[in-house]
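Please take a moment with the sequence and the model before reading on. The paragraphs below go through the arrangement of the chains, then their contact, then a pocket.

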There are 2 protein chains.
Amino acid sequence: MSAPDLSLYLVTDTAIAEAAGHTVPGVVAAAGAGGVTTVQVRAKDAPAADFLALVGEVAAALPAHVTLMVNDRVDVFLAARDLGWQVDGVHVGQDDLPVEQVRHLIGDDALLGLSASTAEQLRAAADSPARVDYVGIGALHGTPTKPDAPEPLGVDRMLALAAESAVPAVAIGGVKVEDAEALRGSALAGVAVVSGICGAPDPAAAAEAYATAWGAA
Amino acid sequence: MSAPDLSLYLVTDTAIAEAAGHTVPGVVAAAGAGGVTTVQVRAKDAPAADFLALVGEVAAALPAHVTLMVNDRVDVFLAARDLGWQVDGVHVGQDDLPVEQVRHLIGDDALLGLSASTAEQLRAAADSPARVDYVGIGALHGTPTKPDAPEPLGVDRMLALAAESAVPAVAIGGVKVEDAEALRGSALAGVAVVSGICGAPDPAAAAEAYATAWGAA
């Protein structure tokens, strides 16, 4: 498994997409065309059967060069892989299964991402005997999409944490296009976006704007 | 894997146990001593790390002859098994991962239980190419513990469905001690209890009362 391109990382949110008149597979297809390089399917409250079906729809909608991550549910990832769908790995938070268990279940070839919000969590990710492929550092700003998210870090603290991280890092949490400009050229490997793309009137145009701001277009 | 003894099947409910002044591992230890033969750990809203930890505590609290099932999360079951804990299988509902996927992930040696509430679902369980080891038929009565539960069946419909099931079946959903008496000697392999044990002042005594009513004591 080669290193994923994390430069523009989309996290799906079904409620936000639907409130903007979109479907999640529709957002993913548009954002893939617009320059998104990695997609994480997230559906924390969906029953597993619905989540698995959504992962299948997203895998089918996504250009093959875009990396596809499954949030939290290792079993949904394993089932999707067993079904022959193009899924690349699992992203977990600090309250999800421990990374040692996740790595053992998914094997060495799959990608493993971890949410982290403190220097201590970043060190633990780097020092873990289980390989963590990247971390999502957040939250950059306060955000309505993840009510359980940690305290906002702001741009300066985000850049300091990214510089300390021995693991490739993306910034997440209310990232706007102007944030992508402010963060580029730093130690960050990319920016992760939820509502800025899922909730945009034109998700393809929104993805293009982020990609341009990050200098990846 | 020999056939599990389903005669008195406890499903844990953390909120009900704690409201009665208990912990889930405490309830399980007491109910195991009182005659419970199978335990399903259920924690639908818990983060996976907490659910895994709870499964470990229950496995440690449970007499070795009692069968231990994990609700919904195949990955939590797999992680628990990898950790060397004594877990026997996974119980899924109609909205969880499809039984074909679950069976593939857990292997032939693990137990697979499925919730069913209609004759059609019972036939599907029996006809599935993936082996389903037992079904939980519900709900017997309306119950506050599972707001998303299907319509109450009542005793007569429960007995008719159990008689039609080609797979061993337990009754679930507000099962009281007097229901266990009314249902024994039928096609049912056992009764499943949530609040009648988790919420009892003395879970060991409650388990004994159910076991006696079922004729298993």
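To compare two copies of a chain, they are superposed by least squares on the C-alpha atoms of residues with pLDDT of at least 70 in both; two copies are then related by a rotation about an axis and a shift along it. In this predicted model, a turn of 180 degrees with a shift of 0.0 Å along the axis lays chain B on chain A with an RMSD of 0.0 Å. The two copies are thus related as by a two-fold rotation axis. Within chain B, the residue that comes closest to this axis is B:Asp75, whose C-alpha lies at 2.4 Å. Both copies use the same surface, since 100% of the contact residues of chain B recur in chain A.

The contact itself takes 21 residues from chain B and 21 residues from chain A. Between them an area of about 1600 Å² is buried, with carbon and sulfur atoms giving 63% of it. B:Asp75 appears again here, for together with B:Leu97 and B:Gln101 it supplies 28% of the area that chain B buries against chain A, more than any other three residues. Two salt bridges are counted between the chains; in one involving A:Asp72 and B:Arg73, the closest N and O atoms are 3.1 Å apart.

Turning to empty space, the second largest pocket holds about 160 Å³. Its lining includes A:Gly93, A:Leu97, A:Glu100 and A:Gln121, and by kind the lining residues divide into six nonpolar, four polar and two charged. Helix 5 (99-106) and helix 6 (119-127) of chain A each supply at least two of these residues, and helix 6 gives the most, with three.

Definitions and conventions:
Residues numbered from 1 in each chain as written. Chains lettered and ligands numbered in written order. Predicted model: local features only at pLDDT ≥ 70, side-chain atom pairs only at ≥ 80, totals over all residues. Heavy atoms only, no water. Contact = heavy atoms within 4.5 Å. 1 Å grid on protein atoms, 1.4 Å probe; cavity = no way out; pocket = protein on both sides within 12 Å on 5 of 7 lines; lining within 4 Å. Points joined across faces, edges and corners; volume = space filled by probe spheres on them. Helix = DSSP H or I, 4+ residues; strand = E, 2+ residues; numbered from the N terminus. Nonpolar A, V, L, I, M, F, W, Y, C, P; charged D, E, K, R; others polar. Buried area = accessible area lost by both parts, 1.4 Å probe. Salt bridge = Lys/Arg side-chain N within 4 Å of Asp/Glu carboxyl O.
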